[in-house]
Amino acid sequence: MSQQDHVVDAERRFWVGTTCAVGGVAAVGVAIPFVSTFAPSERAKAAGAPVEAEIGDMKPGELRTVEWRGKPVWIVRRTPEMLESLKATDALVADPESKRNQAEITPEYARNEYRSRKPEYLVAVGICPHLGCSPTARFAEGPQPNLPDDWHGGFLCPCHGSTFDMAGRVYKNKPAPDNLTIPPYEFLSDSRIIIGVDENNKA
């Protein structure tokens, strides 16, 4: 093989190698955005991510709302009077022991009269199970518009009149078929909770 053939062969190898390298970089450049489409967006991750909430500064009788998975979640620090009212509403609500659709609506740790881990705090999804409206807080007891004269405090759905007691239990003969949903949650401390996580639902 002549010296000229060696030069041509070396040039050919150089250009073949360069072409392969450029092609490989281009392929990676195309692949990265393609693969990234399989990863959840920051918005999607945030929508399903657990949410922490401060409760240490809540006053008795206060309701605080946080958003989890695009839904309002109520945190109510119940007063002793609110807790006492649950005894009076036991006979008035449709599902006092939260037996309906337990797996979807009431975690095991909330299948009690208070529907909560700690009696003082109610944590519930603020969406009526009838048609998805958001009830309003009506914590004052006694007669008032759209409520019975013996009202013990709770929540009123403005869309079709379903009422719920201070544990989120639906009253009898109302459009809502079930109690308010209790989301998965845990106490991180005496002053903080996390919503979206419990012993059966880990982030």
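**Two three-stranded sheets**

Let's start in the middle of a sheet: strands E3 and E4 run antiparallel and are joined by 5 bridges. (Strands here are DSSP runs of E, at least two residues, while helices are runs of H or I, at least four residues, numbered from the N terminus; two strands count as paired if DSSP finds at least two bridges between them.) One of the contacts in this pair puts Val76 opposite Leu122 of E4, its bridge partner. All of this comes from a predicted model, in which local features need pLDDT of at least 70, side-chain atom pairs count only at pLDDT 80 or more, and totals for chains, interfaces and linings use all residues. Residues are numbered from 1 along each chain as its sequence is written, and side-chain values use heavy atoms, with hydrogens and water left out.

On to the neighbour of E3. Strand E2 (residues 63-68) and E3 (residues 71-77) are also antiparallel, with 6 bridges between them. Trp68 has Lys71 of E3 as its bridge partner. The two strands make a hairpin with 2 residues between them, and Arg69 in the turn shows a positive phi of about 55°.

Put together, E2-E3-E4 is the order of an open, antiparallel sheet of 3 strands. Its edges are E2 and E4 (121-125), each pairing on one side only.

The other open sheet also has 3 strands, in the order E1-E9-E8, again with antiparallel pairing. Strands E1 (51-54) and E8 (185-189) sit at its edges, each pairing on one side only. E1 is joined to E9 (residues 192-195) by 4 bridges, the two running antiparallel. Within E9, Ile195 is the bridge partner of Val51.
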